[in-house]
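Trainee: Please show me the sequence and the model, and let us then work through it by question and answer.

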Amino acid sequence: MGNDAIITGITRQDWLEPAEERLQKLLHQNFAGGGRGGQKIKNVLHGTWLGHPLHVILTDVPIGAWTTALVFDFLELSTGRREFAAAADASITIGLIGAAGAAITGLTDWQDVDPPARRVGLVHGLLNLFGTSLFVASRVMRKQKSRSAGRRLAILGYTVATAAAYLGGNLVYEQQIGVDHTCGQKLPEDFEAVIAEWELPEGKLKRAEHNGVPILLVRRGKRIFALAETCSHLGGPLAEGKLSGNSVQCPWHGSRFALEDGRVLDGPAVHPQPCLEARVRDGQIEVRKFADTATTKPPSNIEDSPSPKKRSKKAENKTGTTG
């Protein structure tokens, strides 16, 4: 109950709303102003190229380095050996470098977060900024030979950083920021009919369902593409998005995915869309998920009786049919 009260208290601070909106607008304008180059930078900072949020990785650097610094501070006090003091100072410096990277990537991710997580993320960032400032002050005091004051500032900074990390955990585990929103969806293992063929026009995004799970269908000539319809970023409805060539863009935050294999073309998404195999059989469009969506390429669709392609025995054993 105490933990819930903290988060609830933060989300009720409506006086922060103007600052949140202005900051998000400013970030969007700056990246958009860079054109395609700005989008490429944004993709790098999101971790689109990595398939994992880059911010989450970089946050380990300051926490780990500053934890190490406190250990070396203790060893210096216990033994009086100067090498421990030098190690503590170096650890703080490494942590500050890592904190800068975590701040830049975190701010990039935060610009595409909606309320109430947006407010929790803002407070999370402000606490991290305050904690980092305390470590900067600690490093300055140490350089000025005031090591006792530097150690006290480091302990205070670590306490603030820990509080910020708690909010970061809430963003991931409770608010579902940075996780794959398609994870856990039960896509058909074997070919299942999801829509009549006549209901899928050429070049249009169409939403179908299988046991309550939404599936995106797109017809391009004789080819039918099928993906999970829920955007992996924050669950946006891709069927309401924009079709551009052989890619689809989410209407919520602009993530763009390749229809061919579901890979992320533009962030903020970092997780690919699950890709399904599609075929037309007896006037119905049938879909099934690939045994390995990371390595299997969708075949061309051929009306009613698709020609089987050569496949390894291993692949046949996985799918049970050549479709």
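Trainee: Is Asp112 buried or exposed, and at what relative accessibility?

Mentor: Buried means under 20% relative accessible area, exposed over 50% and partly exposed in between, with a 1.4 Å probe and protein chains only. Asp112 therefore counts as buried, at a relative accessibility of 4%.

Trainee: What pLDDT do local features need?

Mentor: Residues are numbered from 1 along each chain as its sequence is written, and side-chain values use heavy atoms, with hydrogens and water left out. This is a predicted model: totals for chains, interfaces and linings use all residues, side-chain atom pairs count only at pLDDT 80 or more, and local features need pLDDT of at least 70.

Trainee: With which residue does Asp112 form a salt bridge?

Mentor: A salt bridge is a side-chain nitrogen of Lys or Arg within 4 Å of a carboxyl oxygen of Asp or Glu. Asp112 has such a partner, with 3.0 Å from N to O, and the partner is Lys42.

Trainee: How many residues apart in sequence are the parts that this pair ties together?

Mentor: Helices (H or I, at least four residues) and strands (E, at least two) are DSSP runs, numbered from the N terminus. Lys42 belongs to helix α3, while Asp112 sits in the loop between α6 (82-110) and α7, so the parts tied together are separated in sequence by 70 residues.

Trainee: Which residues surround Lys42?

Mentor: Lys42 is buried, at 6% relative accessible area. Contact means heavy atoms within 4.5 Å. Without its neighbours within four places in sequence, Lys42 is in contact with Asp112, Phe31, Thr108, Gly267, Pro268 and Gln111.

Trainee: Which residue forms a salt bridge with Arg119?

Mentor: Charge pairing has a simple basis: side chains of opposite charge can pair when their charged atoms come close. For Arg119, the closest N and O atoms are 2.5 Å apart, and the O belongs to Glu20.

Trainee: Why does this bridge tie together parts that are far along the chain, and how many residues apart are they?

Mentor: Glu20 is in helix α2 (residues 17-33) and Arg119 in helix α7 (residues 117-143), so the link spans 99 residues in sequence. Arg119 is buried at 7% relative accessibility, and Glu20 is buried at 1%. The separation asked for is thus 99 residues.

Trainee: Which residues are linked with Asp73 in a network of salt bridges?

Mentor: The structure holds 21 salt bridges. One of them joins Asp73 to Arg142 at 2.7 Å, N to O; Asp73 lies in helix α5 (residues 60-79) and Arg142 in helix α7, so parts 69 residues apart in sequence are tied together. Both residues are buried. In the network, Asp73 is linked with Glu76, Arg82, Asp89, Arg142, Arg147 and Arg151.

Trainee: Which elements give two or more residues to the largest nonpolar core?

Mentor: A nonpolar core is a set of buried Ala, Val, Leu, Ile, Met, Phe, Trp, Tyr and Cys residues joined through side-chain atoms within 4.5 Å. The largest has 17 residues, and those touching the most other members include Leu205, Val218 and Phe257. The elements that give two or more residues to this core are β3 (213-220) and β4 (223-228).

Trainee: How many residues does the other core have?

Mentor: This second core lies apart from the largest one. Its members include Leu187, Val213, Leu276 and Val287, and its size is 15 residues.

Trainee: Which residue stands opposite Glu192?

Mentor: Two strands pair if DSSP finds at least two bridges between them. Strand β1 (residues 192-196) pairs antiparallel with strand β10 (residues 284-289) over 4 bridges. Opposite Glu192, in β10, stands Val287.

Trainee: Which residue in the turn of the β9 and β10 hairpin has a positive phi?

Mentor: Strand β9 (residues 275-281) runs antiparallel to β10, with 6 bridges joining them. The hairpin has 2 residues between its strands, and the positive phi of about 55° belongs to Asp282.

Trainee: What accessible area does the nonpolar patch with Leu50 have?

Mentor: Patches are made of residues with over 30% relative accessible area and no salt bridge, like charges being joined within 9 Å and nonpolar side chains (Val, Leu, Ile, Met, Phe, Trp, Tyr) within 5 Å. Areas come from the Shrake-Rupley method with a 1.4 Å probe; for residues, only the protein chains shown count as cover. Leu50, in the loop between α3 (35-46) and α4 (54-58), is partly exposed at 36% relative accessibility. Together with Val44, Trp49 and Ile57, Leu50 forms a surface patch of about 380 Å².
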